[in-house]
Amino acid sequence: MAEEKRPLNFIEQIIEEDLQNTHKREELKFRFPPEPNGYLHIGHASSICLNFGLGEKYNAPVNLRFDDTNPIKEEQEFVDAIKEDVLWLGFKWEKECYASDYFQQLYDWAVEMIKNGDAYVDSQTSEEIAMQKGTPTEPGKESPYRKRSVEENLDLFEKMKNGETPERGHVLRAKINMESPNMLMRDPVMYRCLHKSHHRTKDNWKIYPMYDWAHGESDFIESISHSFCTLEFLPHRELYNWFVEKVSKEGELKPKQREFARRNLSHTVVSKRKLMQLVEKGVVNSWDDPRMPTISGLRRRGYTPNAIRKFADSIGVGKRENMIDVAHLEFCAREDLNKTAPRVMGVLDPVKLVITNYEEGKEEWLEAENNPEDESAGSREIPFSRELYIEKEDFKESANRKFFRLTLGKEVRLKNAYIIKGEEVVKDSEGNITEIHCTYDPKSKSGSGTEESMRKVKGTLHWVSAKHALETEIRLYDRLFSVENPDGDKEKDYMEFVNPESLEVITGYVEPSLKSAGVQDKFQFQRIGYFCVDKESKEGQPIFNRTVTLRDSWAKKK
Ligand code: ATP
Ligand code: MG
């Protein structure tokens, strides 16, 4: 499919300019640098599509780099999940890299910096250091340890590395400028002591580099040309450059940090830390709970990689943070699934329909098209008999002229089958409808070519044959948070806005062809929405997740 022509976004403009002035095409190289402290979410999808998308556009390599410098929060489980998600989205990385692989190099550089008088060991508490930082308008104060001799610094730093000093005893700081207007330049911490086992380096290290020290250097080691991060790192750029300057040589290509706006999604939170809370507090069942905005949750819910990539591409990259309505994500899912999902019939809230003039015991197998959007999808056969289920809401005893579904005395078509006419209702002692009786026109069979089959009636209903239908568990999902921006209230915690009705489990009836549906298979339940087989299904007994309704029903509810 030909790519639509669109103007260059500002990131591409930066690259085009660099190609004209400073960079050769073969020098372009990007990376996606997640911290393995949780599962990836839809915000990360934007960053993945940006970086790997640039890789595709410029035919440049893209590394997957795990920013694993904090052993307290990072785990192998998250590394594995991140790899699975990036692959599932359809991207291939050039190299799988880990900041932890550079710990030795970073350490060696830090030693050099100490020798050059660019770093020192500070033995104050973190509270004391914080007190001396100053404010954006007041300069900071120099640490009493700032003038330590190189020998003493080297000795202490080695002891820190060997775990011979207490965890909170010392830090290594860059010696920059306590009066800099940029607070991040006021002697930032490069290393802290942490006597924790790391998921990869195990107990080899007792000191761990801070983000600012590790990130730019990792980019430099990997020869990344452009390092894209979110806007909150804009003030870090000066420090990023300062550190890269310290370790690079004249004439060497230095990575360039550039910033783009974080993408937020309405009615949810996109922050690993907050998503972890939802899992830990049992608000959801797991990171891949279909209500989660994680890539794994969306996958389980029935989203396709295509839908997510379309979503990311359509919102593009921006310079200002904004909130994207989740309805747009749902729209992307519908658009993609409409083209690819086979049509089936399922009834979620059944009432029995008896066709009184249809022979008892008779059954017919009727041809049904699998996907009108895709001729190659072919057709299947569905059973029809005297007793069917239809949706309760598709029948009204008495209705006005605008009700195009079944009512007494009027005709509707049963999808892929016959035209029927409502005759009477049977009720229980409390007045609830237990059965609807109707008659059918035997000559009106869909596709039979008769005059009656062409007859136009106002409504078409989906149905299943009662005795053939498969009873299944169906999970209906709604928004996880009942407000657009759960983070937007200064007084209340986002947890207070969790939608208590985000999951409804019902029993529905679906056509028997679905007995053989496999995990992750996706369908359009005609007139209802898109559904996907959940991983908790058993052989022959699928459980369906509702991915998205056929139309945007939320807009109406409001
Ligand atoms: P979180 O707060 O969810 O942990 P993070 O930014 O700390 O997010 P990282 O693992 O450090 O998560 O992110 C990897 C990359 O994804 C970074 O370049 C980051 O800027 C980008 N990213 C994270 N969240 C978003 C978002 N909502 N929109 C766009 N890019 C994002
Ligand atoms: Mg983070």
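**Entry 1: two residues with positive phi**

I began with Gln520, which is partly exposed with a relative accessible area of 26%. I am working from a predicted model, and I keep that in mind throughout these entries. I looked up where Gln520 sits, and found it in the loop between β26 (503-510) and β27 (522-525). Its backbone caught my eye, since Gln520 has a positive phi of about 80° although it is not a glycine.

I then turned to Asn59, another residue that is not a glycine and yet has a positive phi, here of about 55°. Asn59 belongs to the loop between α2 (42-58) and β2 (62-66). Is Asn59 buried or exposed? With a relative accessibility of 72%, Asn59 counts as exposed, the cut-off for that word being over 50%.

**Entry 2: the annotated binding site**

Next I checked the UniProt record, an unreviewed entry, where the annotation "binding site" covers Asp67 and Tyr211. These positions span 145 residues in sequence, yet no two of their C-alpha atoms are more than 8.2 Å apart, so they gather at one spot.

I looked at Asp67 and located it in the loop between β2 and α3 (76-88). Asp67 has a relative accessible area of 7% and is therefore buried. Which residues does Asp67 touch, if I leave out those up to four places away in sequence? I noted Pro33, Pro34, Glu35, Pro36, Glu74, Ala99, Tyr211 and His215.

Tyr211, for its part, is found in helix α7 (residues 211-221), and with a relative accessible area of 26% it is partly exposed. Setting aside its neighbours within four places in sequence, I found Tyr211 in contact with Asp67 and Phe233.

**Entry 3: the annotated motif**

In UniProt, again from an unreviewed entry, I found residues 34-44 listed as "short sequence motif: 'HIGH' region". I checked the backbone of residues 34-44, and the span is 27% helix and 0% strand, with its end C-alpha atoms 8 Å apart. Among the residues that Asp67 touches are Pro34, Glu35 and Pro36, whose numbers I compared with the listed range of 34-44.

**Entry 4: the four-stranded sheet**

I moved on to an open sheet of 4 strands, in which I read the order as β4-β5-β6-β7 with antiparallel pairing. Which strands stand at its edges? β4 (119-122) and β7 (207-209) do, and because each has a single partner strand, one side of each is left without a neighbour in the sheet. Ignoring direction, I noted that neighbouring strands of this sheet are turned by 20° against each other on average.

For the pairing of β4 with strand β5 (residues 171-174), I found 4 bridges in the antiparallel sense, and within this pair Tyr120 has Arg173 of β5 as its bridge partner.

I then looked for helices on this sheet. Helix α4 (residues 103-115) lies across β4, β5, β6 (189-193) and β7, and runs at about 115° to β6. Helix α6 (residues 150-161) also packs on the sheet, where it touches β4, β5, β6 and β7, its direction making about 65° with that of β4.

**Entry 5: a check on α6**

I tested the length of α6 first: at 1.5 Å a residue its 12 residues should span 16 Å, and the end C-alpha atoms are 16 Å apart, which agrees. Which residues of α6 are buried? I found Asn153, Leu156, Phe157 and Met160. They cover an arc of only 100° around the axis, which puts them on the same side of α6. The spacing made sense to me, as an α-helix has 3.6 residues a turn, so residues three or four places apart point the same way. I followed the buried residues of α6 outward and found them packing against α4, β4, β5, β6 and β7. After α6 comes Gly163, with a positive phi near 75°.

**Entry 6: the partners of β14**

Last, I looked up strand β14 (residues 350-355), bearing in mind that strands of a sheet pair through backbone hydrogen bonds, either parallel or antiparallel. To strand β17 (residues 387-391), β14 is joined by 5 bridges and the two run antiparallel, with Lys352 having Tyr389 of β17 as its bridge partner. To strand β22 (residues 433-441), β14 is joined by 4 bridges and the two run parallel, and here Val354 has His437 of β22 as its bridge partner.

Terms used
Residues are numbered from 1 along each chain as its sequence is written. Chains are lettered from A and ligands numbered from 1 in the order in which they are written. This is a predicted model: local features need pLDDT of at least 70, side-chain atom pairs count only at pLDDT 80 or more; totals for chains, interfaces and linings use all residues. Side-chain values use heavy atoms; hydrogens and water are left out. Two strands pair if DSSP finds at least two bridges between them. Axes are lines fitted to C-alpha atoms, for helices over the stretch in contact, and angles run from 0 to 180 degrees between N-to-C directions. Contact means heavy atoms within 4.5 Å. UniProt positions are given in the numbering used here, feature names are shortened, and annotations may be inferred rather than shown by experiment. The expected span of a helix is 1.5 Å times one less than its number of residues. Buried means under 20% relative accessible area, exposed over 50%, partly exposed in between (1.4 Å probe, protein chains only). The arc is that of the directions from the helix axis to the C-beta atoms.
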